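Student: I would like a close look at one part of this model, the way two helices meet, and then at how that part fits with the rest of the chain. Please take it slowly and keep the pieces connected.

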Amino acid sequence: MTRRALVALGCLACACLCLTMPPAVGEPVPAPLAPLAWSEHPADVRGRRLQADGDASAGPKRARRAAAGASAAATSCQPSTTAVDTKERLAQLREHMKTHGVEAYIIPSDDEHGSEYTANADHRREWITGFTGSAGDAVVTMKEALLWTDSRYWVQANQQLDCNSWTLMKKGEPDVPSIEKWLGENLDKSARIGADARMLSYNQWSTWDNHLASLGGPRMLEIEKNLVDEVWGADRPGYPDTPITPLDVKYTGATWQSKVEKVRDSMRASGHDLLVLCPYTPVFRCYIALGLDAMHIFIPAEKISQVVRDHLADAAIHPQVHAHEEVWTLLPTLSAAAHSVALTLPVVYHTGSSYKLYKAVPAEKAKFIASPVLYMKATKNAVEAMGMKRAHVKDAVALIEMLTILSEEVPAGKYWDEQKVVETLARLRWQQENSHGPSFDTIAAFGKNAALPHYEPSNATNVQITTENLLMIDSGGQYSEGTTDVTRTVHFGTPTPVQFPKGYTMQNLEIVLRAPLFSIGLQYGHGSTHGIGHFLAVHESFDYAYDVNFFGSQEPGYYREDDFGMRLENIVQVVPADVKFKSSTSFLTFETTTLVPYDRKLINTSLLTADEIKWLNMYHTHIMIAVGPELQRQHKTKAYNWLREHTQLIS
């Protein structure tokens with residue numbers, strides 16, 4: 001009999017090892033497996049949302065609460081004027097918890113696909129807490145409500161949480177216990193902790209439940225219905241109904257059929273009958289089961305147009321379209337017919353398979369492998385690489401025009417604020433050919449707002465941009481040719497001495513990027529690099545064994561609370577190095593793809609070496625050569641003159 005090989009595909013690939021039978025509640029679960037190595041805590045998964053909920057609550061700094069698990073109800077506090085009152089929501093949630101027999105309920109930030117960009121309908125943790133930051137997990141018990149988040153968001157959380165209802169748990173502080181430790185210390189051993197198994201990765205679920213099992217309880221309990229959705233009810237937003245657009249091979253450089261066949265070849269070589277991959281990129285919600293003779297696509301029906309059906313029509317691949325929710329009924333059937341089922345665990349920037357996916361597969365057939373899709377996406381083909389460069393030229397035109405306008409109008413006293421920058425920059429990007437809009441919600445942060453690394457302006461926080469402080473703009477665009485992400489920090493007046501960067505380097509390794517700040521006792525709380533997709537995710541996994549045509553970021557920064565913040569971010573391409581002494585060993589180097597000049601006012605040349613000044617001059621000359629003609633072609637004379645001025649050689 002010919003073995004029927006199947007692969008369940010999404011937009012992301014991860015890597016794992018063999019698993020055993022999933023236990024019942026009260027029995028130990030298999031130990032979580034270590035993810036592929038991180039350069040550091042995955043703090044740079046910024047989680048910018050493609051659909052922000054409008055007015056994000058934020059405001060003046062208020063006194064910080066003790067982070068070590070004190071009862072919110074017992075702590076006297078004065079909530080920020082912009083804190084969200086969630087008392088009634090919590091009361092209703094607790095009623096549902098009683099109905100389901102759980103003493104605690106966990107609400108993570110993720111959707112069921114582990115997406116970085118979640119739809120408004122999946123902003124459950126945000127809705128129940130009032131905290132709009134992208135990273136954080138909430139735990140609600142019958143008496144307490146706690147939010148764990150890392151240092152990037154402490155100030156923001158203090159501004160948005162109602163301290164009469166919520167306790168901020170400052171993740172990473174030495175006196176702050178982990179979620180599983182806090183649960184073990186504060187709940188009875190017989191207690192049950194509820195969660196939606198779709199929203200938690202296998203690795204996270206098993207980490208928590210194994211720790212609790214080692215204490216003799218309490219234990220995790222899968223709740224079929226999401227309890228936050230039950231409380232949210234009819235007010236919960238719907239999912240977007242924007243159509244899917246197939247991407248032409250002139251942009252991808254390879255047909256989708258050829259990519260499927262590469263995955264099939266990998267499956268044949270590994271001997272797996274079923275590979276379950278975790279969708280991730282901000283494309284659309286779906287699961288895919290790919291076999292040697294068929295491909296099952298689980299996707300919301302409203303996303304499938306006739307254009308998409310025609311695109312997918314291929315007798316060799318044999319796609320079959322199913323409703324999104326049918327994955328939970330069909331996947332067990334497909335798994336039962338398989339010999340070996342592969343699931344995924346975290347790899348840089350990705351959460352891995354959900355616990356519910358794990359439960360849908362016969363445990364004796366479950367395996368974990370490195371995803372072939374992960375490595376296929378990480379290295380761009382020649383067409384994709386050229387497209388990425390072209391996208392950066394067009395994106396530079398938009399951002400340079402934005403900086404030109406601000407440089408002229410802010411010093412002249414014309415009113416500009418953060419939200420106006422966001423709106424104007426989006427409009428300028430949309431004007432570019434093959435633009436599909438911003439690749440994430442733009443961070444336009446002036447003055448003390450820039451001290452929040454991943455701040456997004458709202459009606460409550462929006463401030464005027466003046467000549468008195470720094471403006472940080474972190475933004476990007478989606479184009480048919482590729483995805484961009486760039487950060488520049490600028491000053492429209494005269495910077496103070498402390499506002500000059502305290503160190504500068506053109507090296508591209510994490511420790512070297514941080515070295516200038518380390519040398520004077522400074523640090524920043526986010527990652528320094530991430531992979532970037534080709535018309536896909538802004539943050540994608542990166543392989544430590546760099547290869548030609550990998551594209552990724554480098555983004556050192558510094559943030560002084562209630563004062564200012566700065567970040568410089570470029571996308572770089574891995575290219576062959578032209579070394580003096582040739583040998584059998586191949587050497588690689590980074591080539592900067594981003595094409596926006598640095599603000600000359602913020603460059604203290606006394607801190608630069610001769611080689612660094614030489615690099616900077618070469619970079620600015622390259623920008624002028626690459627972007628200048630495009631500005632002229634688009635008849636953007638003012639922007640062209642601004643660019644010519646800002647790319648003059650520095651001595």
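Tutor: An axis here is a line fitted to C-alpha atoms, for helices over the stretch in contact, and an angle runs from 0 to 180 degrees between N-to-C directions. The model is a predicted one. With that in mind, the axes of helix 13 (residues 382-409) and helix 16 (residues 610-633) come within 10 Å and cross at roughly 65 degrees, and the crossing of helix 13 past helix 16 is right-handed. On the side of helix 13, the contact is made by Arg-390, Val-393, Ala-396, Val-397 and Ile-400, while helix 16 contributes Ala-626, Val-627, Glu-630, Leu-631 and Arg-633. Sorted by class, the contact of helix 13 with helix 16 holds 7 nonpolar and 3 charged residues, with no polar ones.

Helix 13 also has a sheet for a partner. An open sheet of 3 strands, in the order 20-23-24, is built with antiparallel pairing. Strand 20 (551-554) and strand 24 (588-592) are its edges, and because each has a single partner strand, one side of each is left without a neighbour in the sheet. From one strand to the next, the twist averages 45 degrees. Strand 20 pairs with strand 23 (residues 570-576) in the antiparallel sense over 4 bridges, and Phe-551 has Gln-573 of strand 23 as its bridge partner. Helix 13 packs on this sheet, where it touches strand 20, strand 23 and strand 24, and the direction of helix 13 makes about 145 degrees with that of strand 23. Helix 13 therefore has to be read with two partners in view, since it meets helix 16 and also packs on the sheet.

A second arrangement of a helix with a sheet can be set beside this one. Another open sheet of 3 strands has the order 14-17-18, again with antiparallel pairing. Its edges are strand 14 (435-438) and strand 18 (482-483), and since each of these has a single partner strand, one side of each is left without a neighbour in the sheet. Strand 14 and strand 17 (residues 477-479) are joined in the antiparallel sense over 2 bridges, and the bridge partner of Pro-438 in strand 17 is Gly-477. Helix 14 (residues 418-430) lies across strand 14 and strand 17, and runs at about 170 degrees to strand 14.

Moving towards the N terminus, strand 3 (residues 137-141) is mostly covered, with 5 of its 5 residues buried. In a regular strand the side chains alternate between the two faces of the sheet. In strand 3, Asp-137, Val-139 and Thr-141 point one way and Ala-138 and Val-140 the other way, and all of them are buried. Strand 3 also has a partner strand in strand 2 (residues 104-107), which runs antiparallel to strand 3 and is joined to it by 4 bridges, with Tyr-105 opposite Val-140. A further antiparallel pairing, over 4 bridges, links strand 3 to strand 4 (residues 145-149); there Asp-137 has Trp-148 as its bridge partner, and the two strands form a hairpin with 3 residues between them.

A covalent link comes next. A search of the whole structure finds 1 disulfide, formed by Cys-77 and Cys-163, whose sulfur atoms are 1.9 Å apart. The link of Cys-77 and Cys-163 is right-handed, with 95 degrees about the S-S bond. This pair connects distant parts of the chain, 86 residues apart: Cys-77 is in the loop between strand 1 (6-9) and helix 1 (87-99), and Cys-163 in the loop between helix 3 (154-160) and strand 5 (167-170). The two cysteines fall on either side of the 20% limit for burial, because Cys-77 has a relative accessible area of 22% and is partly exposed, whereas Cys-163 is at 1% and counts as buried. Cys-286, at 2% relative accessibility, counts as buried too.

The whole chain gives the setting for these parts. Its secondary structure comes to 17 helices and 24 strands, and buried residues make up 58% of its 651 residues. Among the contacts in the chain with a separation of 6 or more, 75% are between residues 24 or more positions apart.

Technical notes: Residues numbered from 1 in each chain as written. Predicted model: local features only at pLDDT ≥ 70, side-chain atom pairs only at ≥ 80, totals over all residues. Heavy atoms only, no water. Disulfide = S-S within 2.5 Å. Buried < 20%, exposed > 50% of the residue type's maximum accessible area, 1.4 Å probe, protein only. Pairing = 2+ DSSP bridges. Contact = heavy atoms within 4.5 Å. Left-handed = near helix turned anticlockwise from the far one by under 90°. Nonpolar A, V, L, I, M, F, W, Y, C, P; charged D, E, K, R; others polar.
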